[in-house]
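Student: Could we go through this model together? I would like to begin with how accessibility is classed.

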Amino acid sequence: MNESHKGPIFTDIVLEVFKLGGLLVSEGDQMGSEFGITSARWKVLGALALSDEPQTVPQIARSMGLTRQAVQRLVDAMHDDALLMFSENPGHKRAKWISLSERGKTVFSKLSEKQSGWAIQCSEGISTTELETALSVLKRIAHAIDH
């Protein structure tokens, strides 16, 4: 394919990803509603659950692609709701370590179970090969933009 024809297709992909992103946020909000969790809070839970060690706000922000200020607001509210714990960070006076509380771990586990069934349902009619190709292409696009 002529390189100049790729631009409009790429733009269509970007627009579809934006649309999909909105749909995913809405679905995540719906799945998390019974636990009082929004998609944004779920992302914070996930960033911490998938990390091998406690994280700081800047680390969470980088992994989620959000600003530190947005993550700080989420983390403070989630701490108030007993989903997260703070601990002293000997390497930094102000940037506390953040980890999941027992309640946070329980909520994340329940959300993961719910999401797993949802993912199976949403992927009906799409072959494993198609899903793997889509994942590979999205990762390549993200890498191209990030570098």
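Tutor: A residue is called exposed when its relative accessible area is over 50%, buried when it is under 20%, and partly exposed in between. Please keep in mind that this is a predicted model.

Student: Is Lys19 buried or exposed, then?

Tutor: Lys19 has a relative accessibility of 52%, so this residue counts as exposed.

Student: And which side chain does Lys19 meet in a salt bridge?

Tutor: The partner is Glu16, with an N to O distance of 4.0 Å. Glu16 is partly exposed, at 47% relative accessible area. The two residues are three apart in helix α1, which means that about one helical turn separates them.

Student: How many salt bridges are there by this rule?

Tutor: The count is six. Among them is Glu34 with Lys114, whose closest N and O atoms are 2.5 Å apart. Glu34 lies in the loop between α1 and α2, and Lys114 in helix α5, so this pair ties together parts 80 residues apart in sequence. Glu34 is exposed at 57%, and Lys114 is partly exposed at 30%.

Student: Changing topic, at roughly what angle do the axes of α2 and α3 cross?

Tutor: They cross at roughly 110° and come within 10 Å. The two helices are therefore roughly perpendicular to each other.

Student: Which residues of α2 and α3 meet there?

Tutor: Ala40, Lys43, Val44, Ala47 and Leu48 of α2 meet Ile60, Ser63 and Met64 of α3.

Student: Lastly, which residues make the nonpolar surface patch?

Tutor: Ile9, Ile13, Val17 and Leu138 form a patch of about 300 Å². Helix α1 provides the largest share, three residues.

Conventions:
Residues numbered from 1 in each chain as written. Predicted model: local features only at pLDDT ≥ 70, side-chain atom pairs only at ≥ 80, totals over all residues. Heavy atoms only, no water. Patch = residues over 30% accessible without salt bridge, like charges linked within 9 Å, V, L, I, M, F, W, Y side chains within 5 Å. Areas by Shrake-Rupley, 256 points an atom, 1.4 Å probe, with all protein chains shown as cover. Helix = DSSP H or I, 4+ residues; strand = E, 2+ residues; numbered from the N terminus. Axes fitted to C-alpha atoms, helices over the stretch in contact; angles between N-to-C directions. Parallel < 35°, antiparallel > 145°, perpendicular 65-115°, else oblique. Contact = heavy atoms within 4.5 Å. Buried < 20%, exposed > 50% of the residue type's maximum accessible area, 1.4 Å probe, protein only.
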